[in-house]
Amino acid sequence: MHRTAQERLWVRTRRLTVALLLLWLLISVVGPWFARDLNSLQVFGFPAGYWVAAQGALLAFLAIVGLCVWGMERLEARYQAERAAQAAAEATSPAAGVAPSELP
């Protein structure tokens with residue numbers, strides 16, 4: 001089965017979204033899970049668990065947003081390139097001037 005560029009974009013977008021959601025879940029669960037163990041360490045007078053669970057998670061969530069923006073820009077640029085290549089191929093094909101409804 002041959003997928004169109006739009007279908008491939010949708011599949012790739014879903015994969016990126018699922019991967020980033022899993023990363024978000026990992027950060028949301030693992031950081032607080034080990035926060036008590038890290039509280040024995042002090043960073044700038046505060047327990048290390050605080051820094052990891054509160055401050056580190058916020059920075060990680062910002063990184064996830066940045067990864068989402070970067071990944072979607074790459075996916076959309078790839079989609080635009082595929083669409084341009086498809087349009088160029090259609091323009092040079094022998095049936096370029098024929099409407100799709102007129103094709104056999």
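Which helices each supply at least two residues of the lining of the largest pocket? I started my notebook with that. I am working from a predicted model.

**Entry 1: the pocket**

I looked up the lining by element. α1 (5-33) and α3 (48-92) each give at least two residues to it. I then listed the residues. Leu16, Thr17, Leu20, Leu21 and Trp24 are on the list, and so are Phe61, Ile64, Val65, Cys68 and Met72. I checked the volume of this largest pocket and got about 150 Å³. I also sorted the lining by character. Nine residues are nonpolar, one is polar, and none is charged.

**Entry 2: the overall layout**

I stepped back to the whole chain. I found three helices and two strands. Reading from the N terminus, I noted the order α-α-β-β-α. I also looked up burial. The chain has 104 residues, and 17% of them count as buried.

**Entry 3: helix α3**

I took α3 next. This helix has 45 residues. I looked up the span from its first C-alpha to its last and found 63 Å, close to the 66 Å expected at 1.5 Å a residue. Where does α3 bend? I located the bend at glycine 56, and its angle is about 40 degrees.

I then pulled the buried residues of α3. Ala48, Gly49, Ala57 and Ala60 are among them. The list goes on with Ile64, Gly71, Met72, Leu75 and Tyr79. I cross-checked two names against Entry 1. Ile64 and Met72 are buried residues of α3, and both line the largest pocket.

**Entry 4: threonine 13**

Is threonine 13 buried or exposed? I placed threonine 13 in helix α1. Its relative accessibility is 13%, so threonine 13 counts as buried, the cut-off being under 20%. I also looked up its distance to cysteine 68. The two residues are 55 apart along the chain, yet their C-alpha atoms are separated by 9.7 Å. Cysteine 68 is already in my notes as one of the pocket-lining residues.

**Entry 5: aromatic pairs**

How many aromatic pairs does the count come to? I got two. One of them joins phenylalanine 44 and tryptophan 51, edge-to-face, at 6.4 Å centre to centre with 75 degrees between the planes. I looked up exposure for both partners. Phenylalanine 44 has a relative accessible area of 75%, so it is exposed. Tryptophan 51 has 28%, so this residue is partly exposed.

Phenylalanine 46 also pairs with tryptophan 51. That pair is edge-to-face too, at 5.9 Å centre to centre and 85 degrees between the planes. Phenylalanine 46 is partly exposed, with a relative accessible area of 44%. I closed the entry by grouping the rings: Phe44, Phe46 and Trp51 form one aromatic cluster.

Terms used
Residues are numbered from 1 along each chain as its sequence is written. This is a predicted model: local features need pLDDT of at least 70, side-chain atom pairs count only at pLDDT 80 or more; totals for chains, interfaces and linings use all residues. Side-chain values use heavy atoms; hydrogens and water are left out. On a 1 Å grid over the protein atoms alone, a cavity is a set of points where a 1.4 Å probe fits but cannot get out, and a pocket is an open set with protein on both sides within 12 Å along at least five of seven lines; lining residues have an atom within 4 Å of a point. Grid points are joined across faces, edges and corners, and a volume is the space filled by probe spheres set on the points. Helices (H or I, at least four residues) and strands (E, at least two) are DSSP runs, numbered from the N terminus. Ala, Val, Leu, Ile, Met, Phe, Trp, Tyr, Cys and Pro count as nonpolar, Asp, Glu, Lys and Arg as charged, and the others, Gly among them, as polar. Rings of Phe, Tyr and Trp (its six-membered ring) pair if their centres lie within 6.5 Å; planes under 30 degrees apart count as stacked, over 60 as edge-to-face and the rest as tilted. Buried means under 20% relative accessible area, exposed over 50%, partly exposed in between (1.4 Å probe, protein chains only). The expected span of a helix is 1.5 Å times one less than its number of residues. The bend at a residue is the angle between axes fitted to the seven residues ending there and the seven starting there.
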